[in-house]
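Visitor: Could you take me on a close look at the sheet in this structure, and then show me what surrounds it? I would enjoy one connected tour rather than a list.

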Amino acid sequence: MTQSMIEIKSPFFLKEETLSSPTDFSAIFGNQNPLVLEIGCGIGDFMAQLAANAPERNFLAIDIYNKGCNKTCNRLEKEGLTNVRVMRIEARYLLSRYLIPECLAAVYINCPDPWPKKRHLKRRLVNRLFLQTLLHYLRPDGELFFSSDVADYAHAVAAALEENDGFDNQLATPISLNMPGYPLSKYMRRFLAQDQSIHFLHYRRNRQHACEAAPPQPAQRGFRIAWSGNHG
Ligand SMILES: C[S@@+](CC[C@H](N)C(=O)[O-])C[C@H]1O[C@@H](n2cnc3c(N)ncnc32)[C@H](O)[C@@H]1O
């Protein structure tokens, strides 16, 4: 997919070429605060709320969408939030190349692309393999928050989490249609305004679960990204 490219000059934006592999994010933030990852931050409205609510945490917001990353940076600057960095990078590529095992206190994935057609289901980001990969990067007790506007996606993720003994459910049921206090993106609010449901999941990495090797990643650096030099 080709995107119209905007050069992102914000101090919140991390260009991949400035990172070492793996990356010490504590050095980037200049503190030892817990690191939280949002995958698919869109235009950054969820992240802005999350980061404002937890100044004692560091946040990394990623998306493959250049315009969205730019909007996210603008929003964070406008709101004076200094505990967030933004990267335009593919999730599986970021994890396998730049993150240290067990470095994440929490991962948020909200309304990932649903790929509703049967022949496209295999393109969905969150599946058994990806959950196994996340376990490798979550610290013991690290949290996974997942939400989806698509019931069958949420049910497939809940089933995969329930059968994975590395994860423990934190809600009364595997899926909840109501998550008090959870920030909502404009995208989520649009569904709720139309009386459609958002399906919420909240799991933690089981403390007893040993950190196994991460499974090999199917995604490459250029997955759905047209790269153009230094333009982030
Ligand atoms: C439907 S939007 C939801 C955006 C946001 N989470 C929200 O609730 O408003 C899904 C987002 O995930 C991003 N995305 C899709 N696949 C991705 C991947 N493999 N790695 C990183 N971001 C991805 C898309 O570019 C898009 O911005």
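Guide: Gladly! Let's start with one pair of strands, β4 and β5: they run parallel and are joined by six bridges. Within this pair, I109 stands opposite F146 in β5. Please keep in mind throughout that this is a predicted model.

Now step back to the whole sheet. Seven strands make up an open sheet with mixed pairing, and their order is β3-β2-β1-β4-β5-β7-β6. At the edges sit β3 (84-88) and β6 (167-169), each of which pairs on one side only. From one strand to the next, the twist averages 20 degrees. As a general reminder, the strands of a sheet pair through backbone hydrogen bonds, and they do so either parallel or antiparallel.

Next come the helices that pack on this sheet. Helix α2, residues 45-53, touches β1 (35-39), β2, β3 and β4. The direction of α2 makes about 175 degrees with that of β2. Helix α3, residues 66-78, also packs on the sheet, where it touches β2 and β3. For α3, the angle is given against β3, and it is about 165 degrees.

Let's pause at a residue of α2, namely D45. D45 counts as partly exposed because 19 other C-beta atoms lie within 10 Å, while a buried residue would need 20 or more. Leaving aside residues up to four places away in sequence, D45 touches R75, S185 and K186. For a sense of distance, take D45 and L99: they are 54 residues apart along the chain, and their C-alpha atoms are separated by 24 Å.

On to the nonpolar interior. The largest nonpolar core has 53 residues, and M47, I62, L104 and V107 are the ones that touch the most other members. I62 makes a good stop: not counting residues up to four places away in sequence, I62 touches I39, C41, M87, I89, A91 and L94.

A91 leads us to the ligand, since A91 is listed among the closest residues there, together with G40, G42, S185 and Y187. In total, 19 residues surround the ligand. Two elements, β2 (58-63) and α7 (186-193), give two or more residues to this shell. Sorted by class, the shell has 11 nonpolar, five polar and three charged residues. S185 ties two of our stops together, as one of the closest residues to the ligand and one of the contacts of D45.

Before we finish, let me point out some backbone details, beginning on either side of where we started. C111 is in the loop between β4 (104-110) and α5 (128-137). Although C111 is not a glycine, its phi is positive, at about 45 degrees. C111 counts as buried because it has 20 C-beta neighbours inside 10 Å. In strand β5 (residues 138-148) you will find D141, another residue other than glycine with a positive phi, here near 80 degrees. D141 is partly exposed, with 13 other C-beta atoms within 10 Å.

The last detail is a cis peptide bond, which runs from S21 to P22 and has omega near 0 degrees. You can find P22 in the segment before α1 (25-29).

Note on methods: Residues numbered from 1 in each chain as written. Predicted model: local features only at pLDDT ≥ 70, side-chain atom pairs only at ≥ 80, totals over all residues. Helix = DSSP H or I, 4+ residues; strand = E, 2+ residues; numbered from the N terminus. Buried ≥ 20, exposed ≤ 12 C-beta atoms within 10 Å, placed from the backbone. Near = placed C-beta within 6 Å. Nonpolar A, V, L, I, M, F, W, Y, C, P; charged D, E, K, R; others polar. Pairing = 2+ DSSP bridges. Axes fitted to C-alpha atoms, helices over the stretch in contact; angles between N-to-C directions. Contact = placed C-beta atoms within 7 Å. Core = buried A, V, L, I, M, F, W, Y, C linked by C-beta atoms within 7 Å.
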